[in-house]
Every structure is written in C-alpha cells, then in structure tokens.
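Colleague: Could you take a close look at one part of this model for me, the surroundings of the ligand, and then walk me through whatever else helps to place it?

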Amino acid sequence: SQQLMEKIVALCKRRGFIFPSSEIYGGINGFWDYGPLGAELKRNLKEQWWLQMTRFRDDVVGLDATIIMHPRIWEASGHVATFSDPMVDCKTCKGRFRADQLHETPCPRKPSKMVSECEGEKTEPRPFNLMFKTIVGPIESEENVAYLRPETAQAIFAQFKNVLETSRQKIPFGIAQIGKAFRNEVTPRNYTFRSREFEQMELEFFIRPDEAVEAIYGEVARPAGPGHPGEPQPNWGWQMWHQYWVEERIRFYESIGLPRTTLEEYWQKPEELAHYARACVDIQFKFPFGTQELEGIAARSDFDLSQHQRYSGRPMTVFDEELRAAWGRLEPSKQQDLQERYYRHRLGYLTRMGEPADKAEASARQDAEMLGKGYYIPHVIEPSAGVDRLALALLCHAYDEDQAPNEKGEPETRVVLRLHPRIAPIKVAVFPLLKNRPALVEKARQIRDLLRPHMNVFYDDAGAIGRRYRRQDEVGTPFCVTVDFETLGEKGPELKDTVTVRDRDTMQQTRVPISGLLEWLQSRLR
Ligand code: ATP
C-alpha cells in the first residue's frame, strides 16, 4: 500500500494534479498546489457538493464569508482556549512532535527509529494552539491579532440571524459554505490528507430543540433502526436529523463514485465526544495508509449559537409561530414537564461554561419561560467535509492498472483512473486520426468547439492514437472521440459525419453521429 501511495503521488505530479507548493524554493511543509487537472477535479467536487447540498434543496441556502473574522468569534467558539494538540520538544534532535504520535514519527536524527524509541531528551507534553495568527492593520500589537479561520463553520453561526432574516427560511433549514481553512498542524503528513491550508465544505442544519417538537406534535420521532429515514418530517427530533444527514452524505459519496463498501461509519463513543456534542459520526475512507476520517457529522445541540449569544450579547433565539400556537393548547402539566427538561438542558450548558450557579439558574429559568412564548435557540446538525481529503480519496479509489493491447496488439500494463464521469477533470478528448490531414483536423476542431461550451474538452493531435488513449486513461477521461476517414465519408456514405467514441473502462468503441454526440455524452456524464 505504500507502493500504491507512491504511484498515486507520482501520477499526480507527472500529470499535473498536485504539486508541492513553492516547489522551486524547496517546498513548504503542509502546503500543496493543484495543477491544471487537480484544479478541474476540485471544482467538480465542490460543484457537486453545492448542487446536492443547496441548489437541489429548498431548505438549504449558501454563504461565502471571510477567512479573517473578529477574533472574539474564536473565543466564543472555544478555539482560542482549546483548539490545540499536545506537543513535545526533543532537546537533543531539536524537533517538535505531536505527543500522541511519537511512536509513528521517525526521529529526524536517526530516521531508522521512531521518536518514541530514540534516547533524545524530551519535554513534558504541552498544548500547542493550531490557529495561524496574523495582524490586522498597520500596528503590530496584541489587540490587533486576528486568526486565519481553522474551520468555515463559525461564520455560519455568526451570520445566522442575517441569513434567517433575509432568506425567508424557517427552522428547520441549513446554511452551507465552501472555503479555505487553516490549521498549523504540528505534523502534516500522508500527502494532502493532513495539510496546513485546506478547503472545507460545511453545512450547519438548524433544527428545533426536541422539547419544541414535542410541544407541537405531541411526541418526537426517533430512529426505528439503521438506514435512511426517508423524506424529512416536521416531527423529527435531533436523532432523526442526525441519521438523515449521515445517510445523505453517504449517498453523496456514492453519487460521485465512492461505493459504500469503501467507507466506514465510526460512531464516536460517549467518552470521545466533545462536551457539547450529543453524537458524532466520522465517515472514514480506506486510504492506502489506513482507514481515516473524510467527514464528521456532529449533533452539536445549541452550543454554538448559545456561545455567540453570550459573547456578542445579541440574541440568537428564533420565534416559532407553531410552537407559540401549540403551547397554549398543552396541559399545564405537559408545559411544566417540557419547561423543566429545557431548563435542565440550559442549566447544564451554562454550568459547564463556568457561569456562577445563581446566574446560570436565573438565566436557564428565563430560557424555559421563553420556550413557552415560542422562543428558543436552534440546535444544529453539522456535516463537515474536507475537499482535499475527498479529492485524495477519489484518486486513491480510482487508481487502477489493467492490461490493454499496445500498437502491435501485445498486452501491456495500462494505468487508468476510474473516476466517476461527474468528477473527471476532462470529460471528453477529441482527436483527429492524423494531424497532417487538414480535413480531419478541421472536423475535429469543429467537434471540440461544439462540445466546449458544455464540458471540459481536451484536443490532442500528437502521436499515435493508442498513445493518446493511454494519456487520457491515466487522467480518468471517460470518453475519447476520434475523427477518422469514415467521418469524412471517404469509406462510404453510411458512416459520413459519425465519429468513434471510445469508453475508458470497457475500451469499447461506438459509432455516434456528430448531430447526436453532445446529447450522447451528456446523458453519460450526468
Ligand atoms: P483530524 O482528527 O483528522 O485532525 P478533525 O476531526 O479535527 O480532523 P474536523 O475539525 O472535524 O476535523 O474538520 C472537518 C473536516 O475537515 C475533516 O473531516 C477533514 O475532511 C477536513 N480537515 C480537517 N483538518 C484537515 C487538514 N489538516 N487537512 C486536510 N483536511 C482537513
């Protein structure tokens, strides 16, 4: 599997998917650039996510926020205090390492040994904050320190009210965002898997607290068993929504060519959960270097909006007409029961956040009162995925070698990226059979121009046709179109104005009329 990884890395370099950042200066650890094909691949990925998560849904809208935000955001989110990895310094070899990875990190002084086995003198582990710092404005002082965002999610919370008030959405609904995130990882590794600059695709899906659902519908629908719970229903509690999003995300991966069998669901154990999380599922992919997280789907209760309410002083509550109307019809004992549960939930949160007991109790009482008037802070389900990790997973899964006949008809090893057509950087390559026959070249260019407004087309007239096929196989192009003498009508009228379309995976060739070519391709690329 290390060999496989080496082949993939070499292919990505050779064919222009991924380059080390700043390579002419020796590179910079943890930073990667996407070349021409990598850029297309990533665009396709983000496009698919955006289509499926927002455009094709009525209940999700988009956001595009800044990377640098008010530093208080990161105090409210907890990143300033706790977003850190434990780190040790080795005084002997002058290295700095993740304390939890000493047994897997080679010693820089004696690479045959792991840091854990070398005799170098080491410090006690201490926390290392992963946020990149910068200065905003011309004065380099402590109060002008800001951070490059370590996740895109917080902007969604900070803009929650603006979006709610301008988008005509009502709870339940979601806000989606794609963008760069930065983490000063102590040990970036596994190629692009753990980088210091990367892109995330995050959805915050806001839902009613279960107490509100129960007040309106009498009871809360909970999962009956594993699997997709179907179309969203108004009486769903947070567990239904969580399971729904786990399944939706797995369906997304399937739709871009990662079968369920390549994925694993890891349900975090209660002791692994963050204090505010009610559940968290990691969707993992079986990378050649191990089974590792692609995406996390967390049920985060009302923690995030509550924190921003406390830190900004702005109310993050929503008014829910249906709750207000339903509340009046409830038995007083039911009202009391729901308010008591909501009170205990709010008190638990405020206490964990270090509010003094009397203040916490008064504040939680008030929250429970407000529930009865139709107000609450929405809870949230967060599917959070990494673009770069997904691109790497797709490349790893797509990489294949098989046998194909060479020019002389002898079997030869062929490298082929079996990328899903939706994701493939080049959708179709167009070749004139020979480059020194103007009629062939002209026809091929016409076909290129016909297809170009609709998809990424690559025109190639260099070298033997078999070699041109191979070049496209290696970058995952699903179809190659060849213009030959039949196309020109030189072999009889019945094949005039038809082309050969060759399929990457089956290597089968089909004759398709030029007039129907665009539709033929589009139906297979969707
Ligand atoms: P890990 O445990 O691997 O550090 P995480 O649990 O901290 O990841 P989250 O904070 O949940 O990750 O981030 C959500 C997603 O963002 C991850 O599932 C991953 O796809 C992506 N991501 C996080 N850190 C990195 C990184 N350093 N490089 C590339 N992608 C990342």
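**Around the ligand, and beyond**

Modeller: Let's begin with the shell around the ligand: strand β13 gives the largest share of it, 4 residues. Bear in mind that this is a predicted model. The shell counts 16 residues, and those that come nearest to the ligand are Phe198, Gly296, Ser384, Gly386 and Arg389. If you want to find the shell by element, look at β10 (197-207), β13 (290-299), β16 (379-386) and α13 (387-398), which each give two or more residues. As for character, 8 shell residues are charged, 5 are polar and 3 are nonpolar.

Now for the wider layout. The domain assignment splits the chain into domain 1 (49-78 + 136-316 + 377-400), domain 2 (84-129), domain 3 (323-376) and domain 4 (426-525). Between the C-alpha centres of domain 3 and domain 4 there are 66 Å.

A residue worth a stop is Gln336, which sits in helix α11 (residues 332-352). Gln336 has 13 other C-beta atoms within 10 Å, so it comes out as partly exposed. Arg314 is 22 residues away from Gln336 along the chain, and their C-alpha atoms are 28 Å apart.

Next, the sheet made of β20, β19, β21, β22 and β23, in that order: it is open, and its 5 strands pair in a mixed way. The edges are held by β20 (457-459) and β23 (509-513); each has a single partner strand, so one side of each lacks a neighbour in the sheet. On average, neighbouring strands here are turned by 25 degrees against each other, direction ignored.

Zoom in on β21 (residues 479-483) and β22 (residues 498-503) and you'll find an antiparallel pair joined by 4 bridges. One bridge to pick out links Thr482 with Thr500 in β22. Helix α14 (residues 438-451) lies across β19 (428-432), β20, β21 and β22, and runs at about 160 degrees to β19.

Last stop: the loop between β21 and β22, where Leu495 has its place. Leu495 has 18 C-beta neighbours inside 10 Å, so it counts as partly exposed; buried would take 20 or more. Leaving out residues up to four places away in sequence, Leu495 touches Glu486 and Arg511. Pro513 lies 18 residues from Leu495 in sequence, with 8.2 Å between their C-alpha atoms.

Definitions and conventions: Residues numbered from 1 in each chain as written. Predicted model: local features only at pLDDT ≥ 70, side-chain atom pairs only at ≥ 80, totals over all residues. Pairing = 2+ DSSP bridges. Axes fitted to C-alpha atoms, helices over the stretch in contact; angles between N-to-C directions. Contact = placed C-beta atoms within 7 Å. Near = placed C-beta within 6 Å. Nonpolar A, V, L, I, M, F, W, Y, C, P; charged D, E, K, R; others polar. Domains from an automatic or database assignment. Buried ≥ 20, exposed ≤ 12 C-beta atoms within 10 Å, placed from the backbone.
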